[in-house]
Amino acid sequence: MTDFITVADVDAQLGPGWAGAGDPVLSVAMANAWLTDKIKRAVPDPAPAEIKTAGAQVAKVAATGGLYKATEREVLSKTVSAQSGTSVGKTYTAGSVDLTQGENFALALLAPWIKRPSTFMLKRV
C-alpha cells in the first residue's frame with residue numbers, strides 16, 4: 001500500500017476534528033488503501049494536490065464508517081405481475097455497493113490516474 005496522505009495532510013485540508021468520533025489514523029490508512037486500489041498509473045512524489053484532496057474526502061467518509069461498508073445488491077432487472085400466471089423477479093449484480101458523495105468526488109479527482117494511459121491505433125500495411 002502506498003501512503004498518499006497523512007493525518008497531517010487531512011488536518012490541513014479539513015481542519016482538526018474532521019474524524020469526529022472516528023479514529024483518524026485508521027481512517028487515513030483506509031483512505032490510502034482505497035487510493036492504492038483505485039490509482040492505476042504512476043504518481044509523482046510528492047502526490048499532486050488532487051490526490052491529497054481525494055484522500056482527505058475518502059478519509060472523512062472512512063471516519064464515519066461509510067468506507068468498506070457491507071455490500072448491497074444493485075438491481076439489473078425487475079419483473080412485476082398483475083395477473084395469475086405471471087411472476088415477480090429481480091436480478092442483482094454481485095458485489096455492487098452504493099458510493100457516498102465523498103467517494104464519487106474522490107473518483108472524479110482521480111480520473112487522470114485511473115484511466116488507461118493511452119490508446120494505440122494499429123494500421124495494417
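What follows is a short chat between a student and a tutor about this predicted model.

Student: Let's start with the overall layout. What is the pattern of helices and strands along the sequence?

Tutor: Reading along the sequence you get α-α-α-β-β-α-α, with five helices and two strands in the protein. As for burial, 28% of the 125 residues count as buried.

Student: What makes Q57 buried rather than exposed?

Tutor: Q57 has a relative accessible area of 15%. Buried means under 20%, so Q57 counts as buried. Its place is in helix α3, which covers residues 49–63.

Student: Which residues does Q57 contact, leaving aside its neighbours within four places in sequence?

Tutor: Those are L14, G102 and F105. Each contact with Q57 rests on heavy atoms within 4.5 Å.

Student: How do you know that K52 and D9 form a salt bridge?

Tutor: Check the distance. The closest N and O atoms of the K52–D9 pair are 3.0 Å apart. The cut-off is a Lys or Arg side-chain nitrogen within 4 Å of a carboxyl oxygen of Asp or Glu, so K52 and D9 pass. The count by this rule comes to one salt bridge.

Student: What does that pair tie together?

Tutor: K52 lies in helix α3 and D9 in helix α1 (residues 7–14), so the salt bridge ties together parts that are 43 residues apart in sequence. In general, side chains of opposite charge can pair when their charged atoms come close.

Student: Why is K52 called partly exposed?

Tutor: The relative accessibility of K52 is 22%. Buried needs under 20% and exposed needs over 50%, so K52 falls in between and counts as partly exposed. Its partner D9 has a relative accessible area of 24%, so D9 is partly exposed by that rule too.

Student: And T100, where is that?

Tutor: T100 is in the loop between β2 (89–93) and α4 (101–109). With a relative accessible area of 22%, T100 is partly exposed, because that value sits between the 20% and 50% cut-offs.

Student: How far apart are T100 and V61 in sequence and in space?

Tutor: They are 39 residues apart in sequence, and 7.6 Å apart in space from C-alpha to C-alpha.

Student: What makes T100 and V61 a contact, then?

Tutor: The contact rule goes by heavy atoms within 4.5 Å, whereas the 7.6 Å value runs C-alpha to C-alpha. T100 touches V61, along with G66 and K69, not counting residues up to four places away in sequence.

Key. Residues are numbered from 1 along each chain as its sequence is written. This is a predicted model: local features need pLDDT of at least 70, side-chain atom pairs count only at pLDDT 80 or more; totals for chains, interfaces and linings use all residues. Side-chain values use heavy atoms; hydrogens and water are left out. Helices (H or I, at least four residues) and strands (E, at least two) are DSSP runs, numbered from the N terminus. Buried means under 20% relative accessible area, exposed over 50%, partly exposed in between (1.4 Å probe, protein chains only).
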